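Q: Got a minute to go through this model with me? I'd like to start with the fold and then move on to whatever is bound.

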There are 2 protein chains.
Amino acid sequence: MDTKLDYIKKQLHTSGYKLTPQREATVKVLLENEQDHLSAEDVYLLVKEKSPEIGLATVYRTLELLTELKVVDKINFGDGVSRYDLRKEGDNHFHHHLVCIQCGSVQEIEEDLLDDVEAIVEDKFKFKVKDHRLTFHGVCNICQDK
Amino acid sequence: MDTKLDYIKKQLHTSGYKLTPQREATVKVLLENEQDHLSAEDVYLLVKEKSPEIGLATVYRTLELLTELKVVDKINFGDGVSRYDLRKEGDNHFHHHLVCIQCGSVQEIEEDLLDDVEAIVEDKFKFKVKDHRLTFHGVCNICQDK
DNA sequence: GTGTTTATTTATAATCATTACAATTTTAAA
DNA sequence: TTTAAAATTGTAATGATTATAAATAAACAC
Ligand SMILES: [Mn+2]
Ligand SMILES: [Mn+2]
Ligand SMILES: [Zn+2]
Ligand SMILES: [Zn+2]
């Protein structure tokens, strides 16, 4: 956990930003809830539990900054809010998601799986791929057993 | 164009809805701008040119209805608005997009390309795929030549 | 056809996420 | 210390979307 925090601290420093107490509190919440897909409001409420003096605007600005630095990915599952997803250290492509249309659960896929598709896109459409967003909508294994 | 309108009319009727003049005007705007990715506001402004008496709420409700019926897909490219994309007749999966991070252009890919990936998802994760969203972010061929 | 219910639309107000702003505090530099 | 830059705070403003109530239009029953 601290290794990851240090790594993020370095990423901030590299771009000329400091890890302020508020930013640290925000990053810690993200690290402690890595499997979730928290909205800005979610993060704000969790940060406030340990640092009640933090402002909502700061959380928004921190998440925006982390998004710019590619520490997190901002994603939208179609409900009205943006959600923030920590990137695994070293990953240069965003991971994929399986959204269940029955129970709403969100499962993650670490494997890239898109090498072939990207090759086609680069070849046929002459499009230089930098990143991607892939979400499948369907029925999760638990809901299938009902 | 009229064939497509009739087809959509049928889809509405099948689900117990009528093609009111307002809905027809909205669908026509979508058909006339098939290559674009219009926001609700965009659609509203275009509809108003020919039917000035239409209300914004009606456009929103119509787009919502068409989304439920899978006549259109609601998509979010990360700017603050939802955009609406007509499905090609008979397509049961949403098409893909190439978003240029330099000029902002959005290119469409009709080919599915995901058969193999979906097979893996269904097999390995026991997830029954119903639909997908795939967007590549990168540099379009025009911007590469600069 | 007349009266009655239901669906739809309209204009507008309310909501809610996000962003902008001005004042204040913290940190770094001189 | 004095000064300047960076960051934060609380709150106001914005802007997209949704909810509401009154008005219209369409479908239905007699
Ligand atoms: Mn995720
Ligand atoms: Mn499209
Ligand atoms: Zn499920
Ligand atoms: Zn471009």
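Q: How many helices and strands are there in chain A?
A: This is a predicted model, and in it chain A has 6 helices and 6 strands.

Q: In what order do the elements of chain A run from the N terminus?
A: The order is α-α-β-α-α-β-β-β-β-α-β-α.

Q: And what does the C-alpha trace of chain A span along its principal axes?
A: About 50 × 45 × 30 Å.

Q: OK, the two copies. What turn and shift lay chain A on chain B?
A: A turn of 180° with a shift of 0.0 Å along the axis, which gives an RMSD of 0.1 Å. The two copies are thus related as by a two-fold rotation axis.

Q: Which residue of chain A comes closest to that axis?
A: Leu134(A), with its C-alpha at 2.2 Å from the rotation axis.

Q: Why say that the copies meet through the same surface?
A: Because 100% of the interface residues of chain A are interface residues in chain B as well.

Q: Now the DNA. Which residues come nearest to strand C?
A: There are 16 residues around DNA strand C, and the nearest of them are Tyr60(A), Thr20(B), Gly55(B), Thr58(B) and Arg61(B). Of the atoms of DNA strand C that come within 4 Å of the protein, 72% belong to sugar and phosphate.

Q: What lies by the phosphate oxygens of strand C, then?
A: Tyr60(A) places a polar side-chain atom 2.6 Å from a phosphate oxygen of DNA strand C. In chain B, an N or O atom in the side chain of Thr58(B) is 2.6 Å from a phosphate oxygen of the strand. Glu53(B) uses its backbone: a polar atom there is 3.1 Å from a phosphate oxygen of DNA strand C.

Q: Which elements give two or more residues to that surface?
A: Helix 4 (56-68) of chain A, along with helix 2 (21-32) and helix 4 (56-68) of chain B. Helix 4 of chain B gives the most, with 3 residues.

Q: How do the residues near strand C split by class?
A: The surface has 5 nonpolar, 6 polar and 5 charged residues.

Q: And the other strand, D: which residues come nearest there?
A: Thr20(A), Gln22(A), Thr58(A), Arg61(A) and Tyr60(B), out of 17 residues around DNA strand D. Sugar and phosphate make up 76% of the atoms of DNA strand D within 4 Å of the protein.

Q: What about phosphate oxygens on D?
A: A polar side-chain atom of Thr20(A) lies 2.4 Å from one phosphate oxygen of DNA strand D. For Tyr60(B), a polar side-chain atom is 2.5 Å from a phosphate oxygen of the strand. Gly55(A) comes in through a backbone N or O atom, 3.0 Å from a phosphate oxygen of DNA strand D.

Q: Where does the largest share of the surface near D come from?
A: From helix 4 of chain A, with 3 residues. At least two residues each are supplied by helix 2 (21-32) and helix 4 of chain A and by helix 4 of chain B. By class, the surface near DNA strand D has 6 nonpolar, 6 polar and 5 charged residues.

Q: Switching to metals. What coordinates the zinc ion, ligand 3?
A: The SG atoms of Cys100(A), Cys103(A), Cys140(A) and Cys143(A), at 2.3 to 2.4 Å. The donor residues are spaced C-x2-C-x36-C-x2-C in sequence. Distant parts of the chain are linked here: Cys100(A) is in strand 4 (residues 96-100), while Cys140(A) is in the loop between strand 6 (128-139) and helix 6 (141-144), 40 residues apart.

Q: Why call the arrangement around ligand 3 tetrahedral?
A: Because the 4 donor atoms around the zinc ion (ligand 3) subtend angles of 106 to 115°.

Q: And what about the zinc ion that is ligand 4?
A: Its donors are the SG atoms of Cys100(B), Cys103(B), Cys140(B) and Cys143(B), at 2.2 to 2.4 Å. The site of the zinc ion (ligand 4) is tetrahedral, with angles of 107 to 114°.

Q: Last one: which protein donors does the manganese ion, ligand 2, have?
A: His37(B) (NE2), Asp85(B) (OD), His95(B) (NE2), His97(B) (NE2) and Glu108(B) (OE), at 2.0 to 2.3 Å. Along the chain the spacing is H-x47-D-x9-H-x1-H-x10-E. His37(B), in the loop between helix 2 and strand 1 (38-39) of chain B, is 60 residues apart from His97(B) in strand 4 (residues 96-100).

Technical notes. Residues numbered from 1 in each chain as written. Chains lettered and ligands numbered in written order. Predicted model: local features only at pLDDT ≥ 70, side-chain atom pairs only at ≥ 80, totals over all residues. Heavy atoms only, no water. Near = heavy atom within 4 Å. Polar contact = N/O pair within 3.5 Å; in protein donor to acceptor, adjacent residues only side chain to side chain. Helix = DSSP H or I, 4+ residues; strand = E, 2+ residues; numbered from the N terminus. Nonpolar A, V, L, I, M, F, W, Y, C, P; charged D, E, K, R; others polar. Least-squares fit on C-alpha atoms with pLDDT ≥ 70 in both. Contact = heavy atoms within 4.5 Å. Donors = N, O, S within 2.8 Å, 3.2 Å for Na, K, Ca; no water. Tetrahedral: all angles 85-135°; square planar, octahedral: opposite > 155°, others 65-115°.
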